[in-house]
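Trainee: Please take one part of this entry, the strand arrangement, and go through it closely. I would like a single connected account rather than a list.

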Amino acid sequence: MTESPGAAHSPAQDGPRNRGLFITLEGIEGAGKSTIARRVCEWLAGRSIRATLTREPGGTPLAERVRQIVLERGEEPLSPVTETLLMFAARGIHIGSLIRPALARGEWIVCDRFTDATRAYQGGGRGIDPAWIESLAAQVHGDLQPDCTLLLDLPVPMGLARARSRKAAVTDRFEAEAQAFFERVRAAYLELAQREPQRIHLIDASRPLEAVERQVIAALERLAQGEGR
Ligand code: TMP
């Protein structure tokens, strides 16, 4: 792969049938992203579409090391600005080493979180300037953006209860945040969905899993149809 991480990557340039599609999953803790991500991969496999399931922060050995730094509850505090830079550092590695090469090979990417998470968590949750986040996004990934984002939305108390019932103890810096933080994150996600309804599919994740899966599959069917697949 000779492209630099910031190089342009648009469907218009590559032709929709020559490159894979980039699907991202977003939502607050407890929204059920991991289960839905696996379901999306099964759906793609059923259509013989090659796909890679990955996540942020992380997704490559080096980016996973950055994940550890940014998530672990260590002795040293991380400022919101440093946290934002680390998210983009991990993202830059992930895009250059994994996402762009896979898309160029024609594979689809299913990514558990991407820049919308920075907009929601660091922008909405921590109060980082959205314009600065957009300038970092432009530098780190140029015009590469998800073709489809599945935003799994549910009330914060429900999400937190689900997340906490799965894990006995709080294990990372975000899980340790108060409900008000996640309310701001959720509000930021909902605002993004309103602003970009074509890309961001709002999924009601408070419903039973089968109903959530049906909404997700319907969104994927529409996406695949639009691509002539
Ligand atoms: P995960 O629990 O979904 O794997 O995500 C790890 C945490 O990282 C989650 O609490 C959200 C947070 N995060 C951000 O704050 N900003 C980001 O840009 C990303 C990708 C994740």
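**The sheet and its surroundings**

Mentor: The protein contains 9 helices and 5 strands; helices (H or I, at least four residues) and strands (E, at least two) are DSSP runs, numbered from the N terminus. This is a predicted model, in which local features need pLDDT of at least 70 and side-chain atom pairs count only at pLDDT 80 or more, while totals for chains, interfaces and linings use all residues. Residues are numbered from 1 along each chain as its sequence is written. Along the sequence the elements follow the pattern α-β-α-β-α-α-β-α-α-β-α-α-β-α.

The 5 strands make one open sheet, ordered 2-3-1-4-5, with parallel pairing; two strands pair if DSSP finds at least two bridges between them. Strand 2 (51–55) and strand 5 (200–204) are at the edges with a single partner strand each, so one side of each has no neighbour in the sheet. On average, neighbouring strands are turned by 20 degrees against each other, direction ignored; axes here are lines fitted to C-alpha atoms, for helices over the stretch in contact, and angles run from 0 to 180 degrees between N-to-C directions.

Strand 3 (residues 108–112) pairs with strand 2 in the parallel sense over 5 bridges. Across that pairing, Ala51 is opposite Trp108 and Leu53 is opposite Val110. Strand 1 is also joined to strand 3, by 4 bridges and again in parallel, and there Val110 is the bridge partner of Ile23. Of the 5 residues of strand 3, 4 are buried, so the rest of the structure largely encloses this strand. A residue is buried if 20 or more other C-beta atoms lie within 10 Å of its own, exposed if 12 or fewer, and partly exposed in between, with C-beta atoms placed from the backbone. For the protein as a whole, buried residues make up 38% of the 229 residues.

Two helices that pack on the sheet follow, with contact taken as C-beta atoms, placed from the backbone, within 7 Å. Helix 2 (residues 33–46) touches strand 1 (22–26), strand 2, strand 3 and strand 4 (148–153), and its direction makes about 170 degrees with that of strand 3. Helix 9 (residues 209–226) touches strand 4 and strand 5, at about 160 degrees to the direction of strand 5.

Leu21 lies in the loop between helix 1 (11–14) and strand 1. It is buried, with 24 other C-beta atoms within 10 Å. Leaving aside neighbours within four places in sequence, Leu21 is in contact with Trp108, Asp147, Cys148, Leu223 and Glu227. In the protein, residues 24 or more positions apart account for 82% of the contacts with a separation of 6 or more.

The ligand is surrounded by 13 residues, the closest being Glu56, Ala117, Thr118, Tyr121 and Phe174; a residue is near a molecule if its C-beta atom, placed from the backbone, lies within 6 Å of it. Helix 5 (residues 115–125) supplies the largest share of this shell, 4 residues.

As to overall dimensions, the C-alpha trace spans about 45 × 40 × 30 Å along its principal axes.
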